[in-house]
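Me: I would like to learn how to read a structure like this one. Please take me through it feature by feature.

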Amino acid sequence: MTSDGMPKGESNMFVYDASPESGKPLTTHQWYDGTQHPWEFKRVWHLEPSLHDPDHVYAGVEDAALFQSKDGGKSWQELAGLRGNDTGPKWQPGAGGMCLHTILLDPNNPERISIAISAAGAFRTDDGGKTWKPINRGLHSQYIPDPNAEVGHCVHRIAMHPSRPNTLFMQKHWDVMRSDDAGGSWNEVSGNLPSDFGFPIDVHAHEPETVYVVPIKSDSEHYPPSGRLRVYRSRTGGNEWEPLTKGLPQRNCYVNVLRDAMSVDSLDPCGVYFGTTGGQVYASVDAGDNWKPIVRDLPAVLSVEVQALP
Amino acid sequence: MIRVILPPNLRTLAHVDGEVGLELNGTLTQRSLLDAVEAKYPMLRGTMRDHVTQVRRPMVRFFACGEDLSHESSDAPLPDAIAYGTEPFLIIGAIAGG
């Protein structure tokens, strides 16, 4: 590092795999207007460390692709089988870009990875990333030509509790969904939420049926319903939700909470954290019952990660 | 009755619930259909097509009978199923928000 903290080495290189071994002409995806568009690397949306090797890390990028590094980030290689999936040319960007934002590693099965892309949907590999299949059955999206299409759903985030890797919770463009067969099928669990639009979703560290979301008014109005910032918690794995309000602004609050900007810690009771586009980070040390702002006046918070120190 | 389904934001703008119904004579084309929609709901002028050039807005797409017609000529006849109302004409907006 230089004295001002900048890396000395060359920039990270994320080069899409177009090798013959991929077996696919990985050249285009669908653009907003339905024409085909070349894949272009724009940015990294999410980094997910391997569960087993500190030098192994996955990166979800825009335009949607999955990369991995096995040398601590010095070099990156694409898991091209994902983009080479037969549905790849049908993938299209959401308004935020065509980003791969969710990477879930199965602690019981090192060959299984689930990912999600806006606005292509969710995909899973069971062979360590060589081949992938869409896992979107049960999703219903009225804003696409075929509401039940195999791909094209705007999945905003998926969360999993490590003790139950087959149970997935999804915040979709609209709808909060649940799968109990590792994405094989999905059921809506929006229940009594005031709005089932939103971005983040997370699971309590010690209660696999306790789930958190932050409802947002709509896809065109990105702020909490009635200007009241509320986290909603379900202790029943969905359908029945309670608003968590103590310590959160309950009037004139027009921030958004982005998909990667919520996290939980491993303490008991579980801490919950989220950041807003207004630059605040709120924390609850009691699983959401009470909240306090711990940081303010940041730029829009894109990501919140938590590490509990011994 | 020709059936047209607007995207949610344009339904809000036009104050309509559900499908839009149109009665039209003559050969049905994208142009005649959209002209009729805009005549019935003037607040939609400029939202689906450019005000001046009448070219489809880039974030708007047209589907019918499982086909993407966005890049077809606006004067090409639409499928009979649209003209007879057995299938709706879908106007789809880009996914805004995610």
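Me: How many bridges join strand E12 to strand E13 in chain A, and which way do the strands run?

Reply: This is a predicted model, so what follows describes a prediction. Strand E12 covers residues 168-172 and strand E13 covers residues 176-179 of chain A. The two run antiparallel and are joined by four bridges. To see one residue pair, start at Leu168(A): its bridge partner in E13(A) is Ser179(A).

Me: Which sheet do these strands belong to, and in what order?

Reply: Read a sheet from one side to the other. In chain A the order is E11-E12-E13-E14, an open sheet of four strands with antiparallel pairing. Strand E11 (155-160) and strand E14 (187-188) of chain A have a single partner strand each, so they stand at the edges, with one side of each lacking a neighbour in the sheet.

Me: What does the rest of chain A contain, helices or strands?

Reply: Chain A has 22 strands and zero helices.

Me: Why can the fold of chain A be compared with a compact globule?

Reply: The comparison uses chain length. For 310 residues a compact globule would have a radius of gyration near 19 Å, and chain A agrees because its own value is 19 Å. Along the principal axes, its C-alpha atoms fill a box of roughly 55 × 55 × 35 Å. Of the contacts in chain A with a separation of 6 or more, 48% are between residues 24 or more positions apart.

Me: What share of chain A is buried, and which residues of the largest nonpolar core touch the most other members?

Reply: In soluble globular proteins, nonpolar side chains tend to be buried together. In chain A, 44% of the 310 residues are buried. The largest nonpolar core has 100 residues, and Leu100(A), Ile117(A), Ile158(A) and Met170(A) touch the most other members. Strand E16 (residues 211-216) of chain A gives this core its largest share, five residues. Leaving aside residues up to four places away in sequence, Ile117(A) touches Ala64(A), Trp91(A), Met98(A), Cys99(A) and Leu100(A).

Me: How many residues of each chain take part in the contact between chain A and chain B?

Reply: Count each side separately. Chain A contributes 17 residues and chain B contributes 16 residues. On the chain B side, strand E3 (60-64) and strand E5 (89-93) each supply at least two residues. That side has nine nonpolar, five polar and two charged residues.

Me: What scores does the model have?

Reply: The model has ipTM 0.74 and pTM 0.90. For chain B, the mean pLDDT is 92, with 97% of its residues at 70 or more.

Definitions and conventions:
Residues numbered from 1 in each chain as written. Chains lettered and ligands numbered in written order. Predicted model: local features only at pLDDT ≥ 70, side-chain atom pairs only at ≥ 80, totals over all residues. Rg over C-alpha atoms; globule rule 2.2 N^0.38 Å. Buried ≥ 20, exposed ≤ 12 C-beta atoms within 10 Å, placed from the backbone. Contact = placed C-beta atoms within 7 Å. Nonpolar A, V, L, I, M, F, W, Y, C, P; charged D, E, K, R; others polar. pLDDT = per-residue confidence, 0-100. Pairing = 2+ DSSP bridges. Core = buried A, V, L, I, M, F, W, Y, C linked by C-beta atoms within 7 Å.
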